[in-house]
Amino acid sequence: MTATILPLRGGVHGPDPAAALVRLEAHLNRCALAANTVKAYRRQARAYLVWLADPVHAAEQADAFLDHIGAEAAVAAWRRALLAGGASPATVNQGLAAVTLLYEHGASMHIKTKTARVPRPGAPKALTRPQENALRRAADRRGPRDAAIIYALLGTGARAEECARLKVEDVAITARTGQVRLFGKGDQVRTVPIAPPARERLSAWLEMRAGPLTVDGITDVVLATAAAARSPLG
């Protein structure tokens, strides 16, 4: 016997999810959030609705827009699915924030969610030599810009924020030497030498640069390059 799957819709299943998304979009257009945050919230809210529209999830979470109990159960299931899929706690919590707004402004429901635990900040684990070499190779395959970013981060120990603050005049490169001036927290300045491999990549990018990157942009480059380095096709 085949079970009948009812799609999520208004009426007995509560507010229409598509209409809820429209109302959330209107709210995000009015609020004073950063542009990157608005973009992320839109993406996360849509991802939740796509997940919810899957036939299996739609059947299991048929009350997702009916009442608080159904909504919180659906969000909790989505949270578990994200974590099981390898999403970072920060990404999961961003998604939960977006979905909370989706319900609040799109369906007039104030739901409670359990955030994912974010590890305490500490010194990151050092890369092994094979991992570092794989990251460098992946960066070279991605082009001059990404290679310059990865080699600069690896070669100088700069943080993404320091890398984002760099200006042309902060990088001094000659045929045999090179150094970079980094501006850290509290306007602390330190000068770090640049190894030959990093000098080559930075010089190549400086010749064709198309504009500065934000901290988020640099972080995206690092994450994408790390993913490419781990890929068996890399």
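In the predicted model, 57% of the contacts in the chain between residues at least 6 apart in sequence join residues at least 24 apart. The chain holds 234 residues, of which 34% count as buried, and its accessible surface comes to about 14,300 Å², with 57% of that area belonging to carbon and sulfur atoms.

The secondary structure consists of 10 helices and 3 strands. Read from the N terminus on, the elements follow the order α-α-α-α-α-α-α-α-β-β-β-α-α, an arrangement in which the run of strands is preceded by eight helices and followed by two.

Two separate nonpolar cores may be described. The largest nonpolar core comprises 29 residues, and among these Tyr-48, Phe-65, Leu-102 and Tyr-103 touch the most other members. At least two residues of this core are supplied by each of helix H1 (17-30), helix H2 (35-53), helix H4 (68-84) and helix H5 (89-106). A second core, separate from the one just described, contains 22 residues, including Leu-135, Ala-148, Tyr-151 and Leu-153.

The confidence of the prediction was also examined along the chain. The mean pLDDT of the chain is 83, and 87% of its residues reach 70 or more. Over residues 1-12, by contrast, pLDDT stays under 50, and for this stretch the model has 15 contacts beyond four places in sequence.

Note on methods
Residues numbered from 1 in each chain as written. Predicted model: local features only at pLDDT ≥ 70, side-chain atom pairs only at ≥ 80, totals over all residues. Heavy atoms only, no water. Core = buried A, V, L, I, M, F, W, Y, C linked by side-chain atoms within 4.5 Å. Buried < 20%, exposed > 50% of the residue type's maximum accessible area, 1.4 Å probe, protein only. Helix = DSSP H or I, 4+ residues; strand = E, 2+ residues; numbered from the N terminus. Contact = heavy atoms within 4.5 Å. Areas by Shrake-Rupley, 256 points an atom, 1.4 Å probe, with all protein chains shown as cover. pLDDT = per-residue confidence, 0-100.
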